[in-house]
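Ready to practise reading how helices pack? Have a look at the model below, then try the exercises one at a time.

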Amino acid sequence: MSDYTRAQFGATVRDDFSRRRATQSMQKSTTASAALETKALGHPDYETLDIGERRTAPMVTVFLDLTNFTGRTFWDDQDEVVDLAHAVLSGFVEVVNLFGGHPLGLRGDGLFAGFSPGQPEVTGAMALAACAFALDGIEREVNPWLDGRRIARIQARAGLDYGQTTFVRSGSRERSEINPLGFAANFAAKCEKKAKSWEIVVGQGLRELLPEYPHFVEHHASPKTYTRDYKSRLYRFYDYRWRNTLPLLPGVLSDLNGTPTSLILTK
């Protein structure tokens, strides 16, 4: 998969959508869909945590989702909406894997992902690259295909931040799941909400991780003020000008060749 291209991303979404539509019309599941949907998402380093057990480590948190999708669920056929959303999410999952990250969970019409462990600046760069690749694929491959099918176009956005994240298994012995908690994860979600369609917004932690990157511009609504006990602290966030990085992405994927960020070494 080292030569994975924008066109292949588009094919991933198209093929998954077609399988799902065929399943609806035939009223049965295909082997390919079953294999995809039964494989659990999550971070392999924390799957063995016991109830209440926790581990804390630095991580780049990513929220990558479709925008203005609520209106679509109001107007469009429910089955088609679901099939399209999850075809796109299948593409997002594949891209995160290819850039060395871990898809942690699906959140409605979005993907929650983490890039760790590894050298922090590498995980940050790969997380940004994955988001740029995914947005570009939606805009330049998936949407023209939707035009051809007379289906309304979709839009996407992303929010990211970097910081200490605690993985804890919450629940009971019978029912539980791994829950990543921490300021960076929470703020990445807020960045995603601040982002408009086709925007990537990142928190101060990720910006400071990559001080030499030239494509950050402070967001017009930045900074966020946190106040407690009469003390206030500021936390800044930034627009990431991802389109400027697109020419570099094919080379990044070729160099990665599916290598997790934990195994990427810098000189």
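**Exercise 1.** In this predicted model, find the handedness of the crossing of H5 and H8, then work out which residues make the contact.

*Solution.*
Step 1: H5 and H8 form a left-handed crossing.
Step 2: On the H5 side, the contact uses Met 126, Ala 129, Ala 132 and Phe 133, while H8 brings Leu 249, Val 252, Leu 253 and Leu 256.
Step 3: Sort these by class, and you get 8 nonpolar, no polar and no charged residues.

**Exercise 2.** Describe how the axes of H5 (residues 120-148) and H8 (residues 249-256) are placed.

*Solution.*
Step 1: The two axes come within 11 Å and cross at roughly 125°.
Step 2: H5 is therefore oblique to H8.

**Exercise 3.** Now do the same for H4 (residues 78-98) and H5.

*Solution.*
Step 1: Here the axes come within 10 Å, with a crossing angle of roughly 145°.
Step 2: The crossing of H4 and H5 is right-handed.
Step 3: H4 makes the contact through Leu 84, Val 88, Phe 92 and Val 95; the H5 residues include Ala 130, Phe 133 and Trp 145.
Step 4: By class, this contact has 10 nonpolar, no polar and no charged residues.

**Exercise 4.** Find the residues with the most contacts inside the largest nonpolar core.

*Solution.*
Step 1: The largest nonpolar core has 61 residues, and Phe 92, Phe 99, Leu 160 and Ile 200 have the most contacts inside it.
Step 2: H5 supplies the largest share of this core, 16 residues.
Step 3: Take Phe 99: among the residues it touches are Met 126, Ala 129, Phe 133, Val 252 and Leu 253.
Step 4: There is also a second, separate core of 9 residues, including Tyr 46 and Phe 63.

Definitions and conventions. Residues numbered from 1 in each chain as written. Predicted model: local features only at pLDDT ≥ 70, side-chain atom pairs only at ≥ 80, totals over all residues. Heavy atoms only, no water. Axes fitted to C-alpha atoms, helices over the stretch in contact; angles between N-to-C directions. Helix = DSSP H or I, 4+ residues; strand = E, 2+ residues; numbered from the N terminus. Parallel < 35°, antiparallel > 145°, perpendicular 65-115°, else oblique. Left-handed = near helix turned anticlockwise from the far one by under 90°. Contact = heavy atoms within 4.5 Å. Nonpolar A, V, L, I, M, F, W, Y, C, P; charged D, E, K, R; others polar. Core = buried A, V, L, I, M, F, W, Y, C linked by side-chain atoms within 4.5 Å. Buried < 20%, exposed > 50% of the residue type's maximum accessible area, 1.4 Å probe, protein only. Lists of a residue's contacts leave out its neighbours within four places in sequence.
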